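Visitor: Could you take me through the ligand site in close detail? I'd like to hear what lines it and what touches it, and then how the surroundings are put together.

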Amino acid sequence: MDSGFNNLPFIEEMYDRFKSNPAGLDPSWRKVFENLDRQSETKNYPTYPSDTQLDLRISDLINAYRTYGHLLADTNPLPTPKPEFPLQLRLERFGLSSEDLRKPFPTCGLLSQPTAPLEEILATLNIVYCGKVGVEYMGLDRPEVEKWLQQQIEPNGFQIGLPIEQKKMILEQLNKSELLELFLQMKYTGQKRFSLEGGETLIPILAAIVEKGAEDGVEEFVLGMAHRGRLNVLTNILNKSYATIFSEFDENYIPESFEGSGDVKYHKGYFSDTFSSYGHKVQITLTPNPSHLEGVDPVVEGQAFAKQFKLDKPEAKQTVMPVLIHGDAALSGQGVIYETMQMYNLEGYGTGGTVHVVINNQIGFTTTPADARSTRYCTDIARAFNAPVFHVNAEDPESCVYVTILAVKIRQMFHCDVFIDLISWRKYGHNETDEPAFTQPLEYQIIRKKTPIRELYRDHLISQGYVERSMAESLEVEFKQSLQKELTAVTQKPKTPPLNHSPGSSSDELNFRHFQTGVPAQVLREIATNFCAVPKDFTLHPKLINLIKERLSMVEEGDSARPIDWGMAETLAYGSLLWEGTHVRLSGQDSCRGTFSHRHAMWMDQKVEQPYYALNHLKKGQGRFSVFNSPLSEYAVLGFELGYSLAYPNALVLWEAQFGDFCNGAQVVIDQFISTGEQKWGQQIALVMLLPHGYEGQGPEHSSARMERFLTLSGHNNLLVVNPSTPAQLFHLLRRQVIRPWKKPLVVFTPKGLLRNPACVSHLNDLTSGSFQEILDDPHPGKKVQILVLCSGRIYYDLIEQRSKTQREDMAIIRVEQLYPFNKEKVKELFDKYKGFTTCIWAQEEPNNMGAGNFMQNILRDLLPAGVSFQFIARPRSASPAVGSHALHKKELEKILSDVFGARQPSIFEIAGKTKKT
Ligand SMILES: Cc1ncc(C[n+]2csc(CCOP(=O)(O)OP(=O)(O)O)c2C)c(N)n1
């Protein structure tokens, strides 16, 4: 940088020129002196007492520039009104005035010489902190970052004199970035692509992340981003071929098999195994994302964390780096970012820092920053997590690359998040067919006259003698020709008919194939013994001492005195999978102990408050068990666990809601990722969701996990929706999730009161053989069955209790354990078994418009033999999922039971009206 550092006569000459003819002076110098003059105008600002030491005042002045210099930085490529000179930087504040400009002052380490004229100190501060980069890094409670960054930038500002090869590389990246957009605009006019134009410097930034990251030990990058610039990133960073992108623009394009029914091209993911220019091998994953902005963020973090966990080495966090690319409006508006960042330093979730890049085009669809946020910067969330932020002018690609190098180093050295706020503009409307001048007429008058960044930079390099115009122009021509060649090849390639394959449509034979998931009694005993062995010198809570004894006796005494309860069956499911070498991870609010105190996967030493995880002490060579109390978030934590599971498909990964009712806080993850990921993106998702569900009089927000919603989302065999009613069923279900070679997301409605219901138990024998059953026949049907009651979950226990009270012999009570996919054949077999029954009831505890009833009744009505009437018995239709009063709750349950047990033979009229005609 031609700064004139340490050159007082030069600065004095510039100041004299400024005084006589400000317009004739280089703008950067003009700014320095304008600021000085404006400072001297300041009145009425508290000053330092006159006897305050000079070096203290200067040191405070320097720190003020380090802290607030960004407020004056020239980071906006669009013309903006000159900012008010910040009070924090006014000379008077430091007991100084323009009279002092030429007087020598201590430099306090800013310059190499011990003293310098005040104007030289100020010129340096302006160049470093008020140039094309504004940096926020002071006061973040990261003194080590402050010191390090000052060492990097204070000698030279944000320019490092990049080698000529690197300058040429930036030019080449800008060429590829802008010319690709121009080419697509020309060939596919009117098709949406969410052009990067105005923010093309993103490509040199991402390339620098990969280059610098690889140099600093990163082997794998996990990226998440929205639609803007995605095609550019796919091709120019992940090396997806231009030909593939062109073929996706073809109006007759039909996705190939692995992509399912597919998604729009600007949502797709990609994986690339490549080399940095220095020959470092790197893997780059761009995670597919839905339209829902920022929803992908926690998924990326979960993937990165799982990859780090798998590496199982101390430097794992340095080896895998998450990178999130945001839009400015989304970054400041979407709460999931806060939830995601809240995890950055947590043992079970922190990935060692994320590099964030903001394509800050200063608009969100048609909404201006003034309407989009209350904060000064779109990045102000960074302050909450002490993350440094570099605001950088997109029209200065070299500064952009330099801040990227610094950002990567900060992440690698200090393990924190860091933001690059790429301040840019957007060439078109929200998409290419949108008219931006409806809402931003003046801004777009300016934007339409803007010179592309590529041209600005090319001309800068030419003017500096780094490249010749003819060479630069021939590079452009060559690239355009190569794009044309690829396009011609695509259009001439004969069309192959798409494979008639839809990945979600696994056959019934596959869906209902049973896997032997039992575990030999001897192994279960060993697991229980080791699990229940309290380490020497460990002080267990007295109640847990009893619980552990009971748990051991459940397995040791076998089928005799003590049956197996829910908590033990769950523990044995995890324990047996760990025993077989599978990694098990469970996370959720208060999941270590379990909200209902049934799990106790972590014991706390009562004297020293140190945790102990017995499931990690089963045997040598076992799988690793991780259990974490999550932050109080649903959206980000479920997204995180989904990402983890995607990156670790052979592990048993479970997310638990505190109550199933709260899972709608994560509805975007459920709707946009879990239930649709396979069909849209060909993802094999093995994640398990544990959702406590059940009507026990706890009111509207502690009763329902909204089973009906999961059933509405079910289609194309995308989900397993299960409501297991016995400990053994849970045991086999969790084991099946790992043992089954193909993966589907598993939604499990889990019990609350049943955890302690003496009727809800299993026996050791139930765990030692067999498999999960989608439908459970009645173990004690009546002698002359007339009425078949089908139900799911905890109401079964109310029904059998009532049956035993009423001693009814005309009923069989069948449990639908797996609601989706529904095993019709098994139900038909039971209809045959109870041939002659006249009434079929679907009984549920949820209101009539909720629960599984509406889903089930359509299926059951189709399957029922002719002449059998059908009744749907539930709580009355309701807006709120459950009543608040316990007394009312009991009355409602009594009504359900009396309806079921008062069920009478239907009239001929009812049969004709309500059953399928044959
Ligand atoms: C969660 C969510 N809400 C609303 C939208 C609709 N939407 C699509 S783009 C957009 C504006 C995004 O602005 P910004 O984040 O600045 O990114 P840009 O498009 O400017 O790159 C909106 C509101 C969405 N996709 N996701």
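Guide: Sure, and let's fix one term before starting: a residue is near a molecule if one of its heavy atoms lies within 4 Å of it. Keep in mind, too, that this is a predicted model.

With that cut-off in hand, here's the shell. There are 15 residues around the ligand, and the ones that come nearest are Arg-228, Ser-291, Asp-328, Ala-330 and His-430. Sort the shell by class and you get eight polar, five nonpolar and two charged residues. If you're wondering which element supplies the largest share, that's helix H12, residues 328-333, with three residues.

Now for the polar atoms. Asp-328, already listed among the nearest residues, has a side-chain N or O atom 2.7 Å from an oxygen atom of the ligand. Backbone atoms play a part in the picture as well: a polar backbone atom of Ile-363 sits 3.0 Å from a ligand oxygen, and for Leu-293 the distance from a backbone N or O atom to a nitrogen atom of the ligand is 3.1 Å. As for coverage, the ligand taken alone exposes 570 Å², and the protein buries 74% of that.

Let's step out to the chain as a whole. The assignment divides it into domain 1 (2-128), domain 2 (164-428 + 450-489), domain 3 (511-695 + 702-758) and domain 4 (775-913). Between domain 2 and domain 4, the C-alpha centres are 55 Å apart.

Next, some strands worth clicking on. S4 (residues 220-225) runs parallel to S6 (residues 281-286), and four bridges join them; Val-222 is the residue opposite Thr-285 in S6. On S6 you'll also find S5 (residues 270-275), this time antiparallel and joined by six bridges, with Tyr-270 partnering Leu-286. The S5 and S6 hairpin has five residues between its strands, and there Gly-279 adopts a positive phi near 85 degrees.

For one more stop, look at the open sheet of five strands, ordered S19-S21-S20-S23-S24 with mixed pairing. Strand S19 (775-776) and strand S24 (869-875) each have a single partner strand because they stand at the edges, so one side of each has no neighbour in the sheet. S24 pairs with S23 (residues 839-847) in the parallel sense over six bridges, and Cys-840 has Phe-870 in S24 as its bridge partner.

Terms used
Residues numbered from 1 in each chain as written. Predicted model: local features only at pLDDT ≥ 70, side-chain atom pairs only at ≥ 80, totals over all residues. Heavy atoms only, no water. Polar contact = N/O pair within 3.5 Å; in protein donor to acceptor, adjacent residues only side chain to side chain. Areas by Shrake-Rupley, 256 points an atom, 1.4 Å probe, with all protein chains shown as cover. Helix = DSSP H or I, 4+ residues; strand = E, 2+ residues; numbered from the N terminus. Nonpolar A, V, L, I, M, F, W, Y, C, P; charged D, E, K, R; others polar. Domains from an automatic or database assignment. Pairing = 2+ DSSP bridges.
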